[in-house]
Structures are given as structure tokens and as C-alpha cells.
Amino acid sequence: MSNDYSQESWVTVKRLMTKDGIIVSFKDNRQYILAKDQYAATKHDNFTAMAIAIRDRLVERWIMTQQRYHRENLKRVYYLSMEFLIGRLLENNILNLGLWDEAREALNAMGLDIETIYNQESDAGLGNGGLGRLAACFLDSMATLEIPAHGYGIRYDYGIFLQRIIDGYQLELPDEWLKLGNPWEFARPEYTVKVRFYGKTHTFHDRQGKLRVIWSDTKDVLAVPYDMPVPGYKNDVINTLRLWSARSAEEFDFEYFNDGDYERAVYDQVFSENISKVLYPNDIIIQGKELRLKQEYFFTAASVSDIIRRFKADNHDLRQLPEKAAIQLNDTHPALAIVELMRILIDEEELDWNAAWDIAVRTFAYTNHTVMPEALENWPVPLFEKLLPRHLQLIYEINHRFLREVANRYPWDGYRLARMSIVEEGNPKHIRMAYLSIVGSHSVNGVSSLHSEIIKTKLFKDFYDLWPEKFNNKTNGITQRRWLRKTNLSLSDLITKTIGDKWITNLGELEKLLPYRDDEAFRAAWERVKADNKKTLADYIFKTAYVHVNPESLFDVHIKRIHEYKRQLLFGLYIISQYLKMKEDPNANVQPRTFIFGGKAAPGYFMAKLIIKFINRIADIINNDKGVKNTLKVVFLENYCVSLAEKIFPGSDLSEQISTAGTEASGTGCMKFMLNGALTIGTLDGANIEIKKAVGDENIFIFGLREEEVQALKNNGYSSAGYVERSPMLREVFQLIQSHFFSPLDPELFDPIIESLLTVDPFMVCADFDAYCATQDNISREYQNKEAWIRKSITNAAMSGRFSSDRTIAEYAREIWDVPYKNNF
């Protein structure tokens, strides 16, 4: 114990929200929880001691928050998602507790560097892309708006994978994010839920003559909950993220062990725990599909059981569930929650069908996250019948009653019935999970204005015709607390010094920056911040990718999941065109650029992985060509994740949002770039449309086909060959690739890319190439006028208020969940 405090004052100071309180907690944790002193403690030990010190301060407020929710019997929001891409939590939790300065001062006083401490934390392996990051932003906003809310997901032992780039190829390694423990979680074994799979059903009539079903001979798995606190910003509200971990109901079989069959003795344990082992198993093979469906039912069944348990703690009549619970389905992955609730209400609570269905529909709401029909989840009926026989029966009944309603509304329209059926005919039949989600929810929302129109007029048009009142738009958003206040300290400080700090909870306040575009001193300060951030990013690039880049070049960035529709290929072809210009005319006036890529490809997605190799070969050629010097550099930053994104956004000049129009539901990366003062080059797709509306045509660079033009080309038989023939530059780029310039040792390596673009070109890269290059040429000219560029940068950040997740969540609360919220706007 420190000599500075008595026994009583030690206990008192330990809980204080002060520098001294943090120091006492830190030393106490290091000594009594980790059994280390300052000499034996590793850097990770010091991180853990600090995390527990901050966690202790969260716990006090967490308990009080949950006590209030129970005491006042408040309606809760339950957000079900397969992913929560929460990133690192120490810095974020310090920020939201209002301990930013105190934490830094405490560590400095002990001779510890806070950045070193922060960097010891692993990114939580609980998500992969925009779906999971959106869920994390939503949790932050729900707590900040003081909405009683719980997130539910899976506690994956391993994240999707740790990406390494070896010889230009993506190599997937296990993401052992839990290897050194997770100081933020609390195991809650007392709330373990038994989840059933397989088995058979038996139908009978009870003594009252009611039809009953028993689901028996099941193989059971235990869902063990782990809770993590989710703090709001400086409001003492702490919500909960509950994640389920799979455990075997029978971990060890002594009979097999005694017979010497040691592997079989632990088979049930291994088989069961595979469910929460890894995020997104490869579902190309049938075993992967079965595991994926198991994951979805596992976490939804456990979550629904937990929701009902919590409801019954303060209420008695399940008919009142919709008044006390709003369950939001984050895409179709949790759609089985609808069927599971029906199973419980009918088989266990013995409600009649109509009462149970009314409860379910009024409780559930569904968010759609895709505009591409092929991306909608469909599960083969034989797999469903094997894994969840009772749920298949319920889905058939839901579908039967639904189609009866459709037939009554549209008599003699058999084609409509076939189009709308939850059960898709075929060999084998499939269950359409999006249709199940629509039928079983009272609200269906898209995530951008264009996306919502597409689902109403195309993707789910038949359902919109039937129930127009169900459909609405909720444009996605991001939390400014992580993506500006935490991520870009220098810009955050400049903004706060200029207009105050209300923007941290009301992002619309940033509009007050607009008059400062005319302030020369402010523009100079803004430019210095960007320059410093670019130098920081350049240093990181050299440290991790071993590439020297020019901080004064235009940092042109494309960071997101690798997928053909996101068109990393279009970006790559443009880079080649700039390289060709320089080779053909060494004195050509080419704007110096650093092209930055980041993103993971799904392990089973051949074309996406080949695109990564293609990008890295372009980088190898350009970066090692002395004739190019520092004019062009290409970098692929490996293992893109939240903490890496936080390094990239502040130093970016240009945001690449170039998906084919009509393919991106929303996108939130575009919003993070905008918030940090980057300008956007993009198609009229997803949230780009709303960014354009917010900043005006002169502050964004729009190019390419519109969504209706894309559809017209497809309907008329799109052919890329004509576009290649009419574009001298595109033709020259293809000729260079076909000459094996980028693959001399493996001449056929990139043939699949060329063949796809020249024969199918599913995402119209060739059609948009010339327009894209022309827009990039315009950007090069505009970037030369630094004053005008800085004005545009300020405008983008100032007009980003619409894209706060606080605004999005307020709309959900007001228009879908019917729960009160703190109005910071």
C-alpha cells in the first residue's frame, strides 16, 4: 500500500474520478489482481491494471443504471446483431467517463506513456465490416441518448482472421484476440441458457383438445453469457452488451475415456464449442452452412430466452411484451428470433396462434442492409429440417397464414404468391430469411434514402404494395465521439477551441464552422492539422509497410471490405493509367498521389483475393520504379480493423466511395472521412447521395452511371467491349496487363480479372472508367488550389451533422421503438 494514504483514505481515493484515484486503483490492481510490481509488470500488465481501474468506475454506474431500469420497469431496446465491431475500448471508455486528462496525468505521474498503454489492447474480434461497426456506433449512441438498451451477439473465440500480406497474397491467421484475456467482460454463468438442436417433433392434443407439439431427443448446447459495459458520454448511463459463448452440456464422457477413446471422450465439448469459435465460418461447404445456421439460432434463442426472463422479473402477462421490449434485427442473421419467440409463446406459454403472432409482430423490427438479391440469406429446407425441425414447422405455418392474407388481397394472382412466399420452391426448397423478417416485423427500414427506395420499388416491392406503412428509411450514422473526438485529437481541439464542445453530443453544431471558411487564420490552422496528421500516417506506413510516401502528396484512400461491387479494381486501373502517363511522358504534370488500400477478402472469395494480389503487384512495380520517384506510391495496409481505420481517417485527403450505383446500401466509411475533412469521389450510391445534398455539388466529386442507368444497361444487354474499344486509355491499361507486365513469372495469374472485365464486367467498371478518370483529373487540378481545397474540407466536416448515429438512433427511438430519449439536438 502507498505510504501517502491511510487504510480508510485508500478505499475512498480508489473510487474517485481523479488523477490520484486512478493512481491508487492502478497500483492496487497491479499488485493484488495481477500479483506484479512495477519491475515485473509487462506493458500488457500495465494496460490490464489501467483497464480494470477504469472498469471499476464503469461498474458503479453500470449497477446503478440497471437498478433504475428495473425499478422504473422501463421499456428496453434489444439490438440483435451477429457482429459488434467495437475496436479497442480503454481510450473510448476513458473518454465517455470524462477522465481524458485525469488518465493521462495519472499515467504520466507513474512514468508511463499513455499511448503505449493504449496500444497493448487488441481489437475485439467480434465483427468484420460495416454491419458490426454500425452496431457498435448504435450502442454508443443509445447509451449517450439514455435509452435503456442491450446488445446481443456472440462471443467469438477468434475474429474473422488476422490478415497478413505475404508476397502480395492474403494469408489468413487465427485472430486470437482473447489470448491474454479481456478485462472488460464479466462471465454470468448464472444466466446460462440451454439451446436445443436436431431432434424430432411429436404432435398431440391436450386434455382441452388443443393441438400441442413436443420437441424431443435434441442435442443441447449451453449458451453462457458474458457482459460488457457500454458507457454513454459523460451521463453516468451504462448499458450492456451481452455476448453468448457456447459450452457443451456434457463436457466429458468418462465411459469413452476409460475405454481409451480419449478423442471421443471430449467430442461433445469440441463439437458444441465450435459454434462460438470463429466469426463467419466458410459456408461454401455444407458443414460451414450448418455451422453458420447454428450460430444464428444459438445466439437468437439464447437472447430471446434472456429477454423473456428479464421481462418476467418485473411483469407477468406476456401480452404486454411489446410495451416493454423492442427487438431490432440487424439484418437477417437474427431472423430466427421471430420463430423462436413464437415457439416459446405457443409451445411453452400455451398462447393461441393469433395472440402469439400479434406479440411477435409488435415486438420485432427489421433493418435490411443489402440491395442485391443474391446477398439475401436463403437456407435449404433439408438443413433446416435436420437442425431445427420444430422451427421449420412454425415457418410453414407462418407462411401458410401469410399467403392466405396475400391471396385474399390479390385473388387469382398465383405469380405474386410464388414471388412472396417465405418458402422458395426448388430442389431443394429454401427459406427466404428476409421475407420471414418482413412478415414477422412491424417495421422494415433501409439505411439510406436510395437504398430505402430500392427496397420499396424493387427488392421488396410486393411487400411494400401489401404493407406500405411498415417501410421507412433510417440513414446510417457514426458516433462522433470515437471517429472525431477520440480519433483526431488535433482537429477535435481546434474545433472545440473555435465553437465550443457541444458538437460532441450534437454534431449539428459543426455547422457553426462554416463562417470560419473565410477566416485565414482558421484555414491555416486547419491545414496544419491535416498536414501533421498526414505526416503521422506517413510514418505509420513506413513503419508497417516499409514504403516511403510523400506527406505533401494527395492521400487518396480506398479502405473497406474487398468485394467486386466496391470496385477496388476501378481504383487499380486508374492507378495504372497514371503510371502509363508518367512512363509515356516523364515530364507530364501528374499530381503527386499516395494511393492507400486496406480491407479483407472473405477466405472463400477467389476473385477478391486475386484483387488483393493485383493491387500489391501494381504497388511493387510503381514503388520500385525510380522513374516515378515520389510522384506515385501505392500502399496496401494489412489487417484493416477499427484501430487501423482510426490512424487512416485523420490523414486522408480523398475518400474513394466508388461502388456501382445501386449496390451499396449506405456505407459509413464515407461519413468518417467526411467528418475528418476528406473530400469524396463517388457514384450516386448509398449515403453519397445524402452527402452530396448536404455539402453541395461543388464540395463533392460525383461521377458515373446512375442507378437507373445501370439497370437500363443491364436490361438492354450490357457489353463492356464497346467501352474498352472507345477508351484509348482503358485499352492501353488492358494491353499492359495482358502483356503480363504485372505477372512476368506467372503469365496467367491475372487472366481471371481480365476475362471477367472483358466478358461479364458485373459491376460496370469499364462503363465508368473514363468518367472516373476525368473526375480524378479535375480533382488533381482542384487540389493545386490549397485555399479552395481547405474551404471544401471545412465544409465537409461542418455539414456532417446529419450523419451522426445519435440522429439515427433518435429516429429509431421515436418512430420504431417508441421509447423516450435524451434530446441533445
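How are helices α14 and α16 oriented to each other, roughly parallel or roughly perpendicular? The legends below refer to a predicted model.

**View 1. Helix α14 packs against helix α16.** The two helices are α14, residues 353-363, and α16, residues 389-409. Their axes lie 13 Å apart and make an angle of about 90°. Angles of 65 to 115 degrees count as roughly perpendicular. The helices α14 and α16 are therefore roughly perpendicular to each other. On the α14 side, the contact is made by Trp353, Asn354 and Trp357. On the α16 side, these residues meet Leu394, Glu397, Ile398 and Arg401. By class, the contact between α14 and α16 holds four nonpolar residues, one polar and two charged.

**View 2. The surroundings of helix α14.** Eight of the 11 residues in α14 are buried, so the helix is largely enclosed by the rest of the structure. The buried residues are Trp353, Ala355, Ala356, Trp357, Ile359, Ala360, Val361 and Thr363. Several elements cover them. Among the helices are α12 (321-324), α13 (336-348), α16 and α18 (433-439). The cover also includes strands β11 (325-330) and β12 (364-367).

**View 3. Aromatic pairing between Phe138 and Tyr812.** Across the whole structure, a search finds 29 aromatic pairs. In the pair shown here, the ring centres of Phe138 and Tyr812 are 5.6 Å apart. Their planes meet at 65°, so the pair is edge-to-face. Phe138 belongs to helix α7 (residues 130-144), and Tyr812 to helix α35 (residues 805-817). The pair therefore ties together parts that are 674 residues apart in sequence. Phe138 counts as buried, at 0% relative accessibility. Tyr812 is also counted as buried, at 1%.

**View 4. An aromatic cluster.** Six residues are shown in this view: Phe571, Tyr574, Phe595, Phe597, Phe703 and Tyr772. They form one aromatic cluster.

**View 5. Trp483 and its contacts.** Trp483 sits in helix α21, residues 480-486. It is buried, with a relative accessible area of 1%. Which residue lies over the face of its ring? Lys672 does, at 4.7 Å from the ring centre of Trp483. Lys672 is also one of the residues in contact with Trp483 once neighbours within four places in sequence are left aside. The others are Arg133, Cys137, Ile478, Val642, Ala645, Glu646, Phe649, Leu675 and Asn676. For scale, the C-alpha atoms of Trp483 and Gly682 are separated by 21 Å. Those two residues are 199 residues apart along the chain.

**View 6. A charge over Tyr723.** Arg726 lies over the face of Tyr723. The distance to the ring centre is 4.9 Å.

**View 7. Asn96 in helix α4.** The helix α4 spans residues 90-97 and holds Asn96. Is Asn96 buried or exposed? Asn96 is buried, with a relative accessible area of 1%. Residues up to four places away in sequence are not counted among its contacts here. Asn96 touches Asp140 and Arg481. It also touches Pro231, Gly232, Tyr233 and Lys234.

**View 8. Asp167 in a loop.** Strands β3 (162-166) and β4 (169-173) flank the loop that holds Asp167. Asp167 is exposed, with a relative accessible area of 59%. The C-alpha atoms of Asp167 and Lys613 are separated by 8.2 Å. Along the chain, the two residues are 446 residues apart.

**View 9. The cis peptide bond before Pro428.** Asn427 and Pro428 are joined by a cis peptide bond. Its omega is about 5°. Pro428 lies in the loop between β14 (423-424) and β15 (430-432).

**View 10. Positive phi at Tyr198.** Phi of Tyr198 is near 60°. This is a positive value in a residue other than glycine. Tyr198 is placed in the loop between β6 (193-197) and β7 (200-205). At 14% relative accessibility, Tyr198 is counted as buried.

**View 11. Positive phi at Met764.** Met764 is not a glycine, yet its phi is positive, at about 55°. The loop that holds Met764 runs between α32 (751-760) and α33 (765-784). Met764 counts as buried, with 1% relative accessibility.

Key:
Residues are numbered from 1 along each chain as its sequence is written. This is a predicted model: local features need pLDDT of at least 70, side-chain atom pairs count only at pLDDT 80 or more; totals for chains, interfaces and linings use all residues. Side-chain values use heavy atoms; hydrogens and water are left out. Rings of Phe, Tyr and Trp (its six-membered ring) pair if their centres lie within 6.5 Å; planes under 30 degrees apart count as stacked, over 60 as edge-to-face and the rest as tilted. Helices (H or I, at least four residues) and strands (E, at least two) are DSSP runs, numbered from the N terminus. Buried means under 20% relative accessible area, exposed over 50%, partly exposed in between (1.4 Å probe, protein chains only). A charge sits over a ring if NZ of Lys or CZ of Arg is within 6 Å of the ring centre and within 35 degrees of the ring normal. Axes are lines fitted to C-alpha atoms, for helices over the stretch in contact, and angles run from 0 to 180 degrees between N-to-C directions. Angles under 35 degrees count as roughly parallel, over 145 as roughly antiparallel, 65 to 115 as roughly perpendicular and the rest as oblique. Contact means heavy atoms within 4.5 Å. Ala, Val, Leu, Ile, Met, Phe, Trp, Tyr, Cys and Pro count as nonpolar, Asp, Glu, Lys and Arg as charged, and the others, Gly among them, as polar.
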